[in-house]
Amino acid sequence: MSSPAKTTASGSSTPSSDEPKNVPTSEEEIDKLRKEIDELDALQTTVHHWLEIDGRPAAVLRVLAHEEAIAIGRVATAHEHRGKGLAGRLMRLVLQDLAPLNRPVVLLGQSHLEQWYERLGFVRSGNEVPE
């Protein structure tokens, strides 16, 4: 896997902008952001993908190595963009990019979204794990 990149609506990968957007300013915003970042985000093999609308992330996910497979996790859509199919579009673009690697793809997803993930071809293969 390569360095962090964004997946644009066209599906191409480009370096992310140096221009900061939506930088947290309050101590509360910074604490909330710290809780969302984990040690897997810092790994060189972790790649973050997102779709932007008006220069801001609208849907995001991360891809990381997971044993012999590739894992997709942290799929999320900004509240104001939910229901528009953006996360599904991003998932399909990323799955298309991963296909040539010829490795199994697993999903680290939330159980309440199980039916949504099934529409993308995933099936439950293990027990629910608390977040």
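**Exercises on a predicted model**

Trp116 is partly exposed, having a relative accessible area of 21%. The structure is a predicted model, and the exercises below work through its residues and its overall build.

**Exercise 1. Determine how the rings of Trp116 and Tyr117 are arranged, and to which exposure class Tyr117 belongs.**

Begin with the number of ring pairs: the count comes to one aromatic pair. This pair is formed by Trp116 and Tyr117, with 5.0 Å from centre to centre and 75° between the planes. Planes over 60 degrees apart count as edge-to-face, and the pair is therefore assigned to that class. Turning to exposure, residues under 20% relative accessible area are buried, so Tyr117, at 6% relative accessibility, counts as buried. Trp116, by contrast, is partly exposed because its 21% lies between the cut-offs of 20% and 50%.

**Exercise 2. Place Arg92 in its element, and find which residues it contacts beyond its neighbours within four places in sequence.**

The element comes first: Arg92 belongs to helix α2, which covers residues 86–98. Once the neighbours within four places in sequence are set aside, Arg92 is in contact with Gly85 and Leu120. For Leu120, the separation can be stated in two ways, since Arg92 and Leu120 are 28 residues apart in sequence and 7.7 Å apart in space, taken from C-alpha to C-alpha. As for exposure, Arg92 has a relative accessible area of 48% and is therefore partly exposed.

**Exercise 3. Decide whether Thr77 is buried or exposed, and list what it touches when residues up to four places away in sequence are not counted.**

Thr77 is found in strand β5, which runs over residues 69–77. Its relative accessibility is 15%, and Thr77 therefore counts as buried. With residues up to four places away in sequence left out, Thr77 touches Ala58, Ala59, Arg82 and Ala87.

**Exercise 4. Describe the chain as a whole, from its elements to its exposed surface.**

Start with the elements, of which the chain has three helices and six strands; read from the N terminus, their order is β-β-α-β-β-β-α-β-α. Next come the contacts: among those between residues at least 6 apart in sequence, 53% join residues at least 24 apart. Burial follows, with buried residues making up 27% of the 131 residues in the chain. Finally, the chain exposes about 9300 Å², and carbon and sulfur atoms supply 51% of that area.

Methods
Residues numbered from 1 in each chain as written. Predicted model: local features only at pLDDT ≥ 70, side-chain atom pairs only at ≥ 80, totals over all residues. Heavy atoms only, no water. Helix = DSSP H or I, 4+ residues; strand = E, 2+ residues; numbered from the N terminus. Buried < 20%, exposed > 50% of the residue type's maximum accessible area, 1.4 Å probe, protein only. Contact = heavy atoms within 4.5 Å. Areas by Shrake-Rupley, 256 points an atom, 1.4 Å probe, with all protein chains shown as cover. Phe/Tyr/Trp six-rings, centres within 6.5 Å; stacked < 30°, edge-to-face > 60°.
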